[in-house]
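Here are a few questions on how the labels for this model come about. Take a look at the structure, then read on.

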Amino acid sequence: MIMMASHMCLMFPLLFLICSILEQLVLIQRMSGHGCSLGRQSGNFIMELQRRAMCMASQRVGGHFSGGGYGNMMRKYGLSVDHVLVAQIIDANGRILDGESMGEYLFWAIRGGGGASFGVIVAWKIRLVPVPEKVTVFRVEKTLEQGALDLLHRWQYVADKIHEDLFIRVVILPVNRKDHKTIKAKFVSLFLGNSERLLALMNESFPELGINKNNCIEMS
C-alpha cells in the first residue's frame, strides 16, 4: 500500500483503487475483464470502504451501480447511483468516453439501465457517505401461524415513516414442513447506530415485531 497525504492507493492484479477519505471520494477502476468486489480483504482501507460505501460486501460494484444501486441505506442517502460522480466507458466503436464526451444521456443510462447494454464500464468515481462507528442489524422470521400476516400489514404503515437511519425490508418465502406447508415473512434490518437506540425506535414505532436485545447484532 502506498500512502500519499490524505489519499490511499492500492494495486491488485485485477483492480485499481484510489480513495480519499477526507474528500469522501473513491475511484474504482478495472484493470482486466474481471469485476471489482468490495469484499476483497486488504487491510484497513477495504474495511473502511465496505463500512462507508453503499453496497453489500459480496456485491460487485459494477453490477450494483449499473443496476440502480438499491441498498440498505437508501432511505437516508438515496440510491448508490445518486453518488456516482464520473464513469469511464468503452463503447462498441472502441472509444473511451467519460465526463463531457459521454454526454448526460449515456451517463444517465448506465446508472440503472445495465452498464453492459451500452459498453464496457472500466471506472467509477463515487462519493462516499458517513456511517457511524457502530451499526446494528437484526433478522426476525415469523410464519403465518406466528402472526406474519398481521405483522406484514403493520409494516406497510410504518416502514416509510420510521427514522431514516432505520431500514426494514421483508422477504416472503414458502416453508415446506413434514406435516404441512406455510409461508414465512423474514424481517431484515440495518440501523445506523447502536442497539440501544434501535430498540428505543422499534419500541416506539413497531413494537408488534417484538425485537429485543438478543435479536440485535452490533458491528463496527
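Q: What is the bridge partner of phenylalanine 138 in E11?
A: That's cysteine 216. This is a predicted model, where local features need pLDDT of at least 70, side-chain atom pairs count only at pLDDT 80 or more, and totals for chains, interfaces and linings use all residues. Numbering runs from 1 along each chain as its sequence is written, and side-chain values use heavy atoms, leaving out hydrogens and water.

Q: Why are E8 and E11 called paired?
A: Pairing takes at least two DSSP bridges between two strands (DSSP runs of E, at least two residues, numbered from the N terminus). E8 (residues 135–143) and E11 (residues 216–219) have four, in the antiparallel sense, so they pair.

Q: What makes E8 and E10 a pair?
A: Eight antiparallel bridges join E8 to E10 (residues 181–191), so the at-least-two rule is met. Here threonine 143 stands opposite lysine 184 in E10.

Q: Why does the second largest cavity's lining count Asn72 as polar and Lys76 as charged?
A: Asp, Glu, Lys and Arg count as charged, Ala, Val, Leu, Ile, Met, Phe, Trp, Tyr, Cys and Pro as nonpolar, and the others as polar, so Lys76 is charged and Asn72 polar. By class, that lining has five nonpolar, one polar and three charged residues.

Terms used
1 Å grid on protein atoms, 1.4 Å probe; cavity = no way out; pocket = protein on both sides within 12 Å on 5 of 7 lines; lining within 4 Å.
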